[in-house]
Amino acid sequence: MKKVLSMLAAMSMLLAMTSCGPKDDANTDANTDANTDTNSASSEASKDDSGSGKKETLNIWAFTDEVPGMVKKYIELNPEFGEKYEIKETIIPTTDGAYQPALDQALIAGGDDAPDLYAAEAAFILKYSQGEASQYAAPYEDLGIDVANAISAAEIAQYTVDIGTNPDGKVVGLGYQATGGAFIYRRSIANDVFGTDDPSVIKDKIGPGWDKFFNAAEELKAKGYGIVSGDGDMWHAVENSSTSGWVVDDQLVIDDKRAEFMDFSKKLMDNDYHNNTEDWNDAWFADMKGEGAKGIFGYFGPAWLINYTMADNCGGKTVGEGTYGDWAVCEPTVGFFWGGTWILANKDSDQKEAVGDIIEWITLDTSETGLQYMWANGTYNPDSPTKDCVASGVVMAKSDGKVDFLGGQNMFDVFVPANEYANGKNLTPYDEKINSLWRDQVRQYSSGQKTKEQAIADFKSNVSDNLAIEAK
Amino acid sequence: MAVVAGKSSGNIIFKVLAYTLCILLAVISLFPFVIMIINSTRSTTQIQQHAVSLIPSTYFLSNMEVLLGKSFDPLKGFFNSLIISSSSTICTVYFSTMTAYALVAYDWRLRKPFFTLIMCVLMIPAQVTSIGFYQFVYKIGLTNNFLALILPSIAAPTVVFFMRQYMIPALPMEILQSARIDGAGEIRIFNQIALPMMKPAMATQAIFAFVTSWNSLFLPQILLIDTDKHTLPIMVSQLNGDIYRTEFGAIYLGLFLTVLPVLVIYFLLSKHIIAGVALGGVKG
Amino acid sequence: MKTKLKGVSYAKWGYIFSIPFIVIFLLFSLYPTIYTTILGFTDCKGLNNTDWHFLDDPFANFKTILDNNSFKTSLKNTVLIWVLNFTPQITMALLLAAIFTSHRNEIKGKGFFKVVFYMPNIITAASVAILFNALFAYPVGPMNDIVVSVGEFLHKINILDEPTKPYNFLVYKVPAQLIVAFIQFLTWYGNTMIVLISGILGISPDIYEAAEIDGSNGWQTFWKITVPNLKTVLLYTLITSLVGGLNMYDIPKLFNEGGPDNATLTTSVFIYNQAFSGNYLYNRAAAASMILFVIIAVLSAILFWIMRDRDEARFEKEKKMARREAKKKEAANKWQ
């Protein structure tokens, strides 16, 4: 036994030297390899645009083509930038859980192939801005951006700043969207049940507070409608309106508002207030078209849900087709936010200035040629003019949020105030996993297979089993 | 080989049962393909309404447009996948047969320990060793290089195991001996006598190896980060990963395009499975 | 003494032919494996942790894992799902292999059937998972359409008091496990069948001819000739299915993320979750891998032992024959 252990120890030392050893080694290694790579790549490139000189490569990492698309747009608008730099995009979807391991390894390994600019979404941004991987994120001020002044000048939504601020208090990531949520409801159903589709009336029917929401559910049920499609719709509102996140001081905490969700889910189920769908499943989309088992009154969601999901799934493209134009937004039952993408830069990047230029254009530029203005006003991509809420209050103030999908309502009237409810204080780096464990157990309870106590106990045990985080 | 028994009632029952079973299984087995093909002609909304339908629709071209519009380059993905899969298939089959031959045809001192080692490798859970594998590949600078996916296939314990099991009853030592008497060298004996005798087994394993390599997603996804080097499955998984606007029609079309080349290769090799290349003849 | 020397003279080729495997194995497999083994004894967790140490109690991680409820559940699930899928799979594969290699009952279109039966194995696990998710979707989906219309029919003819509601297959444990087992069956029965067929085709037709002359019927031929001669290939099938089954990862992970309520959480999914989903507990993942490895190794050893005698005896016999031949040849060479 002793022999085996000493052998293991010796081997591990050998490993430690090779694997986790001094960074410089790894860097030089990677550099030499990478050099040969870039050389071949640039020689190919120079063949293409002959004589434009050697370009520097910017590595962009993202989980959809959205952010790389923005960088391309930036180059398109700034040809002189395109003469100096070329981009190499790496897109790895978050499905199958491949994005984070790959990004982590690339950040750790460093070298010329390492990402210069990378994107992270709400589900895991904290890991890169405040958690374990925050060591790789460059403060914006090191990229030549006058962050503090720019943020206040652009009136960037505070929660996106909070989330993107590292433990040293420096901003390392900002988003371009604002994802404060609203309640998005069907006008025709509102007229049928409440006699009006006026957002200022409807908002008082469904809130504030969940008691009013369930009263409305009862009224809707009397006329044969469901208030939401599934309990998941409610979860997004509950999750981000809670006071504390899942983990406080390395211990699992079930916030009262989140615990209450179990009762809500059960109530929805037992009283048949919904179609019992799961978000992102076919039946959930079908309810957007009004083709579910019963008509569904509304969804909780931010502006992107309207433009990217509901508009594409409403069964039509102009007013009158499907449910297009039959929607309106009002203030939600509780304030919340959902989703969003943050942009970070690698602190070891050789191209800090260029990366800084791009990041500033995406996250802080309030001019009409800045990304956010185009993003908010549907001029970013003329082929599919969708409008979205953006992080800068200045941009929002001069933008027009009138959308046909909402029957001509200016959605920004509702979404701009909604962003104030959003706060980044209840996120943790473990949310994705813990949420899925939680909702699994809630479903077990609401479908009547478990008692509430049993479900909570199993939830705690699953969290401890999977993440080694014990309940308080 | 005359048919001994006549057309007894037992035979008829046997045939009825056999055909019923075969047809039932054939329907179940073809079902996923039919759905894939039909759904690739349907629009996203149609699919969301009824995920399964037997009636094709008219959205094939528009799905194709969506697919090609999404930085999806099936031709490039196809060639990348083809290079990786065919090289690793050749490596797997050839070198595994060679290793199995070493285990069966020769009597050497470390033979048994070596076989035990191979069996142990076969049993190691793959999920976690991938951490170490990735680190190693990164360190020797083989990321973004097809070799990182091709070379490891030389050591394929499952295939060695199969070849060994197949070789034990099927490779008569007498033939090797007589070849030696004729003065053939060991390498020639392997390449020209043993290898041809293993054809059915090799064809079977070649299909398996090709399919596994073609469909593998996790390792290529973290090793081939350069867009130019992406394989077809990576491209399709990216379609699926666009959470805001999932284009189901295009996804099914992508899935179908991914499976199509494997089907072609499979049909090409399947004659070995059907005919089974009469081993007995060689054995004679 | 002399014979031994002569036997050894070819032995070096055994080593030579093993070189490619060994080199690649040393390069690409050994390092990751040792790395994993070692991590199991350390406190290495977290992203890019360069400062990890051996634990004072070297088996602390192993104890934690063995105490872990999810791990225990995952072991039970893995075995259950494997048995649920492997029993019908091997039965069906043997049956089909027997039908297709039957000398006296030629099935028309058997080439077609053989080709078709393997086809489910060609599709990626991800596609299969997407497809089955769609099939069992709730509240509207193809399976639920059937459930509802059958319920309606039964209601009309007064067997049921009220029409059935759609059934949420993916929230209840047993259906979820059955579906995963069925997907495993569907994707692998053709593969097993082909392996068995190629094994049967490797059996010398002479033996069958002899049996037919002796007047044995199909049933007897199958059990007395096919199965015993198939033993080596059968062992291969059993071992690889066991290893593959206990390492089952793709379908449970992609179909329902191990849910509902951990019902389809297999050990490999558990291990993956330990290492990659959230907290980077590499050390615990490594320990769990080692435990799984030991379980698989023990079960495989048992299988080898059960199937051992004739396989080995035969092997030894052939070895002896080869030696004798070598001796003869050597002698012949000498006299030449």
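**Notebook: interfaces and salt bridges**

I started with the interface of chain A and chain B, where the rule finds 0 residue pairs in polar contact, both residues being at pLDDT 80 or more. By polar contact I mean a pair of N or O atoms within 3.5 Å; within protein, one must be able to donate a hydrogen and the other to accept it, and residues adjacent in sequence count only if both atoms are side-chain atoms. The salt-bridge rule also finds 0 across the interface of chain A and chain B. For a salt bridge I need a side-chain nitrogen of Lys or Arg within 4 Å of a carboxyl oxygen of Asp or Glu.

A note to self on the ground rules. This is a predicted model, in which local features need pLDDT of at least 70 and side-chain atom pairs count only at pLDDT 80 or more, while totals for chains, interfaces and linings use all residues. Residues are numbered from 1 along each chain as its sequence is written, chains are lettered from A and ligands numbered from 1 in the order in which they are written, and side-chain values use heavy atoms, leaving out hydrogens and water.

**Entry: A against B, continued**

I then asked how many residues take part: 32 from chain A and 28 from chain B are in contact (heavy atoms within 4.5 Å). Together the two chains bury about 2900 Å², with carbon and sulfur atoms giving 53% of it. Buried area here is the accessible area (1.4 Å probe) that two parts lose on being put together, summed over both. On the chain A side, A:Q105, A:D282 and A:Y308 lose the most area to chain B, together 15% of what that side buries. I listed the elements of chain A that give two or more residues to this side: α2 (23–48), β2 (85–91), α5 (99–109), α14 (282–288) and α15 (303–313). The largest share, 5 residues, comes from α15(A). Helices (H or I, at least four residues) and strands (E, at least two) are DSSP runs, numbered from the N terminus.

**Entry: C against B**

Next I turned to chain C, which puts 100 residues in contact with 107 residues of chain B. The buried area comes to about 9700 Å², and 76% of it is from carbon and sulfur atoms. Three phenylalanines of chain C, C:F17, C:F21 and C:F28, lose the most area to chain B, together 9% of what that side buries. I found 0 salt bridges across this interface, but 5 residue pairs in polar contact, both residues at pLDDT 80 or more. Helix α2 (residues 11–39) of chain C gives the largest share of its side, 19 residues. By class, that side has 64 nonpolar, 22 polar and 14 charged residues. In this scheme Ala, Val, Leu, Ile, Met, Phe, Trp, Tyr, Cys and Pro are nonpolar, Asp, Glu, Lys and Arg are charged, and the others, Gly among them, are polar.

**Entry: two domains in chain A**

I looked up how chain A is divided: domain 1 is 52–177 + 339–424, and domain 2 is 182–338 + 425–471. These bounds come from an automatic or database domain assignment. The contact takes 30 residues from domain 1 and 32 from domain 2 of chain A. The C-alpha centres of the two lie 28 Å apart. Between them the domains bury about 2700 Å², 63% of it on carbon and sulfur atoms. The rule finds 1 salt bridge across this interface. A:K425 forms a salt bridge with A:D162, the closest N and O atoms being 3.5 Å apart.

**Entry: salt bridges**

Over all chains I get 24 salt bridges. Which residue does A:D326 pair with? Its partner is A:R186, with the closest N and O atoms 2.8 Å apart. A:D326 lies in the loop between α15 and β11 (327–330) and A:R186 in strand β5 (residues 182–186) of chain A, so the pair ties together parts that are 140 residues apart in sequence. A:D326 is buried at 16% relative accessible area, and A:R186 is buried at 12%. The cut-offs are under 20% for buried and over 50% for exposed, with partly exposed in between (1.4 Å probe, protein chains only).

My last stop was a pair between chains: C:D261 forms a salt bridge with A:K450, at 2.6 Å between the closest N and O atoms. C:D261 sits in the loop between α12 (250–256) and α13 (267–276) of chain C, and A:K450 in the loop between α20 (431–446) and α21 (452–467) of chain A. C:D261 and A:K450 are both buried. I also see A:K450, A:D458, C:K173 and C:D261 linked in a network of salt bridges.
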